[in-house]
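Grab a pen and work through a couple of short exercises on strand pairing and pocket lining. Try each task before you read its solution.

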Amino acid sequence: MAKRLIPTLNRVLVENILPPSKTISGILLPEKSSVLNSGKVIAVGPGARDRAGNLVPVSVKEGDNVLLPEFGGTQVKLGEKEFLLYRDEDIMATLHD
């Protein structure tokens with residue numbers, strides 16, 4: 001049974017990007033190598049309303065790679081995959097190539 005989770009308000013569903021355990025040439029990387037805590041945005045909510053009632057949209061979109069805080073987020077498990085649910089203001093930055 002496939003389920004689709006659509007966040008409410010200004011929440012963002014993120015899938016963690018796991019760092020590679022070895023290089024293309026086969027060299028094993030240490031577990032504590034310097035990597036960013038990053039993820040890929042899977043789904044976003046419509047946004048939250050300000051005090052005047054105007055809709056403030058979420059600052060990221062589906063498919064963006066984002067920098068995440070070291071702690072926080074709510075773990076969500078859908079099927080065999082695990083995701084994290086963050087508020088828009090908790091996401092630290094977007095990552096670009």
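**Exercise 1: the pocket lining**

S7 gives the most to the lining of the second largest pocket, with three residues. Keep in mind that this is a predicted model.

Task: work out which residues line the second largest pocket, and how they divide into nonpolar, polar and charged.

Solution:
1. Start with the list: Glu-15, Asn-16, Leu-18, Gln-75, Glu-82, Phe-83 and Leu-84 line the second largest pocket.
2. Now match residues to strands. S1 runs over residues 11–16, and S7 over residues 81–87. Each of these two strands supplies at least two residues of the lining.
3. Sort by class: the lining divides into three nonpolar, two polar and two charged residues. Asp, Glu, Lys and Arg count as charged, so Glu-15 and Glu-82 go in that bin.
4. For the space itself, the second largest pocket holds about 170 Å³.

**Exercise 2: who pairs with whom**

Task: trace the strand partners of S1, then go one step further from S2.

Solution:
1. On one side of the bookkeeping, S1 pairs with S2 (residues 38–44) in the antiparallel sense over five bridges. Check it with residues: Val-12 stands opposite Val-44, and Glu-15 stands opposite Lys-40.
2. S1 also pairs with S7, again antiparallel, over four bridges. Here Arg-11 has Arg-87 as its bridge partner.
3. Step on from S2: this strand pairs with S5 (residues 65–67), antiparallel, over three bridges. Gly-39 stands opposite Val-66 in S5.
4. Link back to the pocket: Glu-15, the residue opposite Lys-40, is also one of the lining residues of the second largest pocket.

Notes: Residues are numbered from 1 along each chain as its sequence is written. This is a predicted model: local features need pLDDT of at least 70, side-chain atom pairs count only at pLDDT 80 or more; totals for chains, interfaces and linings use all residues. Side-chain values use heavy atoms; hydrogens and water are left out. Two strands pair if DSSP finds at least two bridges between them. On a 1 Å grid over the protein atoms alone, a cavity is a set of points where a 1.4 Å probe fits but cannot get out, and a pocket is an open set with protein on both sides within 12 Å along at least five of seven lines; lining residues have an atom within 4 Å of a point. Grid points are joined across faces, edges and corners, and a volume is the space filled by probe spheres set on the points.
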